[in-house]
Each structure stands twice: as C-alpha cells, then as structure tokens.
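Here is a small set of exercises to work through with the model open beside you. Try each task before you read its solution.

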Amino acid sequence: MRQGFLDTDGHLPDYWHDERWLSAYDQTLAQRIRWKWLAVLETLAPRWPRLHGVTSIVDWGCGTGIATRSFLGSVGLPKPKVFLFDRSSGAMRFAAGAIQKECREADVVLLKTMQIPAEPFVLLVSHVLSELDDRSFEELKKLAAAAALVLWVEPGRSLESRRLSRVREALLESHHILGPCRHQKSCGALQPGRENDWCHFFAPVPREVHQSAFWREFSKRMKVDLRSLPVAWLAVVKPQNYTGVEPHQDEALILSRPRVFKGYCRWLGCTSAGLRSGDFQKKHDKTIFEALSEPEFMTALPQNQLIRNDDAPV
Ligand SMILES: C[S@@+](CC[C@H](N)C(=O)[O-])C[C@H]1O[C@@H](n2cnc3c(N)ncnc32)[C@H](O)[C@@H]1O
C-alpha cells in the first residue's frame with residue numbers, strides 16, 4: 001500500500017481490501033499522519049478562541065478517520081456532528097467506529113454522496129492529493145470554498161504541496177489564510193522560476209517513538225526514516241467566522257531544512273514578497289545561525305535580520 005502511495009502519479013484505485021488493511025494502516029501510517037495533525041493543530045491553537053459558529057465537521061477522504069480524531073482530541077467541539085465521506089464504505093465504517101471510541105458524544109453520519117452541509121462546517125482533508133481524479137479534485141475545491149474553516153494536511157512532497165498551493169490560490173478571495181503562510185498574498189512557490197521549490201516543513205516525532213520496538217520494526221520493514229516527518233499544510237477561515245488578525249507579516253517563514261555549511265547556512269524562506277533564499281553567515285548572529293541550523297516546526301525569523309545585503313541570494 002505504501003509503495004502505491006509513493007509511486008502514484010496522481011491517481012490510485014481503491015486499495016482498502018478488508019478490515020485488516022484498515023487496521024494495519026491505522027496503527028502505523030495513520031499514526032504518523034496524526035503526529036503531523038497534532039503539530040499543525042498546536043501551531044493553530046491560539047486561534048481557536050477567535051473562531052465562531054463552527055459545530056460540524058466534514059472529513060473528506062476520511063480513511064480511518066485520523067484527521068477527525070486528531071482534531072476532536074485537540075480542539076474539542078461540544079457535541080460535534082461529523083460527516084464522513086470516502087469512496088470506500090468499509091473505510092467510512094471503520095472511521096465511524098474509531099471516532100466514536102475516542103469521542104463518545106460525536107454524532108457521526110456516513111455520506112454516500114457528497115452534499116455541502118447547510119450549517120458552517122470545518123473541512124478536514126488529509127493525504128488525498130496524490131490519488132484524486134480531476135473531477136473529485138474539482139468537487140473537493142468547491143467544498144473547500146463553502147467551508148467556514150479548512151484544515152488540510154498532506155505529505156511534504158512536491159506533487160502534493162504544489163497542488164495544495166493551488167488550492168490556496170483558489171481560496172484566497174473567499175478565505176483568510178491562517179497558516180502556514182505569514183501573509184495573504186499569492187503563494188511564492190507558484191511564481192515563475194520557483195518550479196523546483198515547494199512549501200513544506202518537518203513535524204516533530206514523539207520522543208517515545210525512538211525507544212519503541214514496534215516503531216523500530218515498522219521503520220525496518222517499511223524503510224521509513226522515523227526522524228523525518230515532512231508535511232505540507234494549509235489552514236484558511238471565512239472572515240465572518242474569525243475575529244483575529246494575523247501578526248508577524250514581517251517575518252520570513254523557513255521552508256524545508258536549511259543546508260548547513262562551515263560558517264554559514266543556506267536557507268529558503270517565504271515572505272510577503274515571495275520566496276527568498278540566501279546564505280546566512282554565522283559571524284553575523286549566532287542565535288539566528290543556530291535557529292537556521294536546527295529549525296523547529298514553523299521557524300520564522302525577522303526578515304530584516306535574516307536578509308542582509310551581504311548575504312548573496314542563491
Ligand atoms: C491515503 S488515504 C488518507 C486517509 C485519511 N484522510 C488519512 O489522513 O489517514 C486517502 C483516502 O482518500 C480516499 N479517496 C481517494 N479518492 C477518493 C475519491 N475520489 N472520493 C472519495 N474518497 C477518495 C481513499 O479511499 C482513502 O481512504
């Protein structure tokens with residue numbers, strides 16, 4: 001199954017053969033996806049009090065329901081109504097059971113066809129962009145345009161990230177961008193000349209995973225580097241459901257992992273003027289050099305300190 005995810009060029013036939021596959025996925029790949037969701041939700045946590053009127057969830061392409069379970073575990077909507085949609089009815093049934101186990105008060109509805117709810121809803125989407133046909137992708141974008149809040153998590157690969165940037169472009173008029181971007185302008189990764197760049201980050205892996213025999217075995221058999229959890233994500237909200245203003249527009253958000261050389265760091269960052277890159281010299285500022293050498297999830301640095309005239313752009 002994982003090889004299918006890695007090899008796909010954007011279309012993948014249904015692969016949920018039976019409950020065993022769902023269960024195996026849920027214990028392994030879905031847990032890694034949960035870590036990504038938790039990192040994103042934690043980043044967004046200060047914004048939840050500013051969110052109004054959202055009580056329903058649509059989990060599109062729900063699989064085993066890990067997006068909803070992560071969201072409800074972190075954000076905790078009172079008596080949530082959860083609409084599940086997936087082309088696999090087996091996956092929807094599995095997800096419904098798992099969601100109700102983790103959140104007893106959730107009212108879970110399985111959708112045979114996708115209908116846009118009448119009430120304000122949060123749309124959760126996770127790890128679907130590599131397997132959608134064009135019709136489904138268009139349908140999903142329409143659903144996103146109607147959502148009060150969209151939270152979308154994808155693998156940190158170029159294919160999915162650049163598709164997600166295009167979703168962002170489509171939502172720019174109707175929604176306010178909560179993250180990861182520090183600005184409301186067009187996506188810098190889609191500007192001409194940036195075809196080889198993409199917006200992605202590395203989410204933290206829980207410490208106990210590195211001491212776990214289970215995860216060691218998983219890593220060996222699946223050839224997965226447990227230290228690396230690349231993620232692309234997007235969070236947007238309809239202005240009428242949100243009262244916050246985004247601060248820190250003067251920061252550069254560090255993308256990927258800067259490359260560390262002797263005495264300097266080569267970084268790529270997102271700014272309101274587009275993507276910028278440069279070589280930051282350690283001698284200029286040791287604290288900034290260290291922040292670049294070992295960036296945390298969503299490291300952002302003041303542009304005026306990062307971008308110096310003597311840092312040659314690369
Ligand atoms: C990689 S799984 C991700 C599942 C879940 N969102 C997660 O993050 O673990 C992708 C899911 O999208 C579903 N899917 C793919 N194409 C779809 C389509 N056209 N309509 C509805 N669901 C689709 C698949 O059945 C699968 O459950």
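**Exercise 1: The whole chain**

In this predicted model, residues 24 or more positions apart account for 76% of the contacts in the chain with a separation of 6 or more.

Task: Work out whether the radius of gyration of the chain agrees or disagrees with that of a compact globule.

Solution:
- Start with the inventory: the secondary structure comes to 10 helices and 13 strands.
- Next, look at the extent. Along the principal axes, the C-alpha atoms fill a box of roughly 60 × 50 × 35 Å.
- Now compare. A compact globule of 314 residues would have a radius of gyration near 20 Å, and the chain has 20 Å, so the two agree.
- As a last step, check the interior: buried residues make up 38% of the 314 residues.

**Exercise 2: Two domains**

Task: Find how the chain is divided into domains, and describe the side of domain 1 that touches domain 2.

Solution:
- Mark the bounds first: domain 1 covers 2-241 and domain 2 covers 251-306.
- Then take the C-alpha centres of domain 1 and domain 2, which lie 28 Å apart.
- Count the residues in the contact: 18 come from domain 1 and 13 from domain 2.
- On the domain 1 side, helix 3 and strand 7 (201-202) are the elements that give two or more residues.
- Sort that side of domain 1 by character, and you get 9 nonpolar, 5 polar and 4 charged residues.

**Exercise 3: Around the ligand**

Task: Name the residues that come nearest to the ligand, and say which helices each supply at least two residues of the shell.

Solution:
- The shell holds 19 residues, and those that come nearest are G61, G63, R87, S126 and S136.
- Helix 3 (29-44) and helix 4 (66-75) each supply at least two shell residues.
- By character, the shell divides into 8 nonpolar, 7 polar and 4 charged residues.

**Exercise 4: Three helices**

Task: For helix 3 and helix 7, set the reach against the expected value; then find how many residues of helix 8 are buried.

Solution:
- Helix 3 has 16 residues and reaches 23 Å from first C-alpha to last, close to the expected 22 Å.
- Its buried residues are L29, A30, R32, I33, K36, W37, A39, V40 and L44.
- Helix 7 (residues 158-171) has 14 residues and reaches 20 Å, close to the 20 Å expected.
- In helix 7, the residues E160, S161, R163, L164, S165, V167, R168 and L171 are buried. Their cover includes helix 6 (134-146), strand 5 (149-155) and strand 8 (230-237).
- In helix 8 (residues 213-222), the number buried is 0 of 10 residues, so helix 8 lies largely in the open.

**Exercise 5: F83 and C103**

Task: Decide whether F83 is buried or exposed, then place C103.

Solution:
- Begin with F83, which is found in strand 2 (residues 81-85).
- The cut-off for buried is 20 or more other C-beta atoms within 10 Å. F83 has 22 such neighbours, so it counts as buried.
- Leaving out residues up to four places away in sequence, F83 touches S56, I57, V58, V109, L111 and P117.
- Move on to C103, in the loop between helix 5 (89-102) and strand 3 (107-110).
- C103 has 19 other C-beta atoms within 10 Å and is therefore partly exposed.

**Exercise 6: Backbone angles to check**

Task: Find where the cis peptide bond is, and which loops hold K79 and M298.

Solution:
- Keep the background in mind: most residues other than glycine have a negative phi, and most peptide bonds are trans.
- The bond from G179 to P180 is cis, with omega near 5°. P180 lies in the loop between strand 6 (176-179) and strand 7.
- K79 is not a glycine, yet it has a positive phi of about 40°. K79 sits in the loop between helix 4 and strand 2, and it is exposed, with 9 other C-beta atoms within 10 Å.
- M298, also not a glycine, has a positive phi of about 65°. The loop between helix 9 (286-293) and strand 13 (300-302) holds M298, which counts as partly exposed with 18 C-beta neighbours inside 10 Å.
- Finally, K223 takes a positive phi of about 55° just after helix 8.

Terms used: Residues numbered from 1 in each chain as written. Predicted model: local features only at pLDDT ≥ 70, side-chain atom pairs only at ≥ 80, totals over all residues. Near = placed C-beta within 6 Å. Helix = DSSP H or I, 4+ residues; strand = E, 2+ residues; numbered from the N terminus. Nonpolar A, V, L, I, M, F, W, Y, C, P; charged D, E, K, R; others polar. Expected span 1.5 Å × (residues − 1). Buried ≥ 20, exposed ≤ 12 C-beta atoms within 10 Å, placed from the backbone. Contact = placed C-beta atoms within 7 Å. Domains from an automatic or database assignment. Rg over C-alpha atoms; globule rule 2.2 N^0.38 Å.
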